[in-house]
Amino acid sequence: MKSQGNNVEHQGLKHNLDIGYTSRTTVCTPHGMLGDFPFVLLHWGYYSANKGFFVDFWNTDGYMLILSLSGKGVMTYKERKFEIAPYDLLVIDYKQKHLYGTAPNCQKWEYIYVKFKGASAAVYDKLINGREVAIINVKNARDICARIYGMEIYARDMNVNSGMCFSNDMIYILNYMVMHSAKYEQEVGKIENENIRRAVEYIHKHYQEKITLEKLSEISYLSKYHFTRVFKQIMGVAPYEYVICVRVNKVKELLTEGTREKSIQTIASATGFGNGKNLTRTFKKITGMTPEQYRDV
């Protein structure tokens with residue numbers, strides 16, 4: 001190990017961890033049963049990084065989610081250099097060589113990172129990033145930010161229940177990133193399984209209508225049992241959960257359009273929920289807020 005001030009080099013890791021006293025990180029000791037979940041939490045951390053802070057790291061299994069809070073960061077990943085602005089959200093493969101730190105023109109960069117692993121992680125990485133990392137600004141996605149903040153609680157007390165909650169939150173966040181990372185045609189085109197791609201395409205085009213498992217399996221040329229199993233294996237969630245995720249994200253778009261002319265009933269009818277009561281119940285279960293609260297925040 002070589003050290004000079006805060007600069008450290010050890011086994012492929014180079015860093016200058018010049019961080020503020022409010023910074024904190026929690027390393028999880030996962031429960032043995034958590035390996036059956038789609039995603040498993042490894043680390044959660046909040047860094048108030050000072051000027052000169054950087055991390056140059058690779059060749060470690062897992063993936064990392066970064067949510068920028070204030071200031072600016074800069075990252076080099078897959079031979080591309082880019083800035084990370086407030087409320088930017090991105091996910092990277094930790095095994096790929098990457099360097100990130102406080103932007104040279106910035107005195108401080110605050111961000112949250114979530115390191116995780118899971119059987120579905122590589123699929124989502126491909127759906128979201130492709131050849132270049134996708135940067136998604138989530139300033140208006142309050143529930144996404146709240147879920148990432150809330151993961152600190154899971155990290156502090158990792159058990160079967162918190163592990164299940166973390167996995168569900170990751171599925172929700174990554175599905176959101178898929179649907180906001182590129183044009184719809186590009187997203188669907190990245191799904192290698194032709195049968196599942198047809199189902200996903202149908203869901204995005206017909207989310208306003210009643211969507212049945214029978215219809216999805218029919219257009220996929222698979223039995224209902226086989227379709228459900230393959231869909232969940234590729235997409236990380238069951239078909240019904242994916243439909244709900246698509247509909248809820250459409251509701252958010254309508255709620256944040258800057259107009260109050262559309263009633264909750266109108267939005268429910270336009271997004272496949274049928275009625276305001278059903279929309280409100282589902283929306284609150286997923287986001288933790290009613291549609292009215294989400295629109296007012």
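The following dialogue examines one sheet in a predicted model and the helix that lies across it.

Student: How do the strands of a sheet pair in general?

Tutor: Strands of a sheet are joined through backbone hydrogen bonds, in either a parallel or an antiparallel manner. In this model, the pairing is antiparallel, and the open sheet has 6 strands in the order 4-5-12-7-10-13.

Student: Which strands form the edges?

Tutor: Strand 4 (24-27) and strand 13 (136-137) are the edge strands, each pairing on one side only.

Student: How many bridges join strand 4 to strand 5?

Tutor: Strand 4 and strand 5 (residues 40-50) run antiparallel and are joined by 4 bridges. Val27, for instance, has His43 of strand 5 as its bridge partner.

Student: Which residue in strand 12 is the bridge partner of Leu41?

Tutor: The bridge partner of Leu41 is Phe116. Strand 5 and strand 12 run antiparallel, with 10 bridges between them. Strand 12 is also joined to strand 7, again antiparallel, by 8 bridges; Ser68 has Tyr111 of strand 12 as its bridge partner.

Student: Why is strand 12 described as largely enclosed by the rest of the structure?

Tutor: Buried here means under 20% relative accessible area. Of the 10 residues of strand 12, 7 are buried, so the strand is largely enclosed by the rest of the structure.

Student: Where does helix 2 lie?

Tutor: Helix 2 (residues 142-156) lies across strand 4, strand 5, strand 7 (63-71), strand 10 (88-93) and strand 12 (108-117). Relative to strand 5, helix 2 runs at about 110 degrees.

How values were computed. Residues numbered from 1 in each chain as written. Predicted model: local features only at pLDDT ≥ 70, side-chain atom pairs only at ≥ 80, totals over all residues. Heavy atoms only, no water. Pairing = 2+ DSSP bridges. Helix = DSSP H or I, 4+ residues; strand = E, 2+ residues; numbered from the N terminus. Contact = heavy atoms within 4.5 Å. Axes fitted to C-alpha atoms, helices over the stretch in contact; angles between N-to-C directions. Buried < 20%, exposed > 50% of the residue type's maximum accessible area, 1.4 Å probe, protein only.
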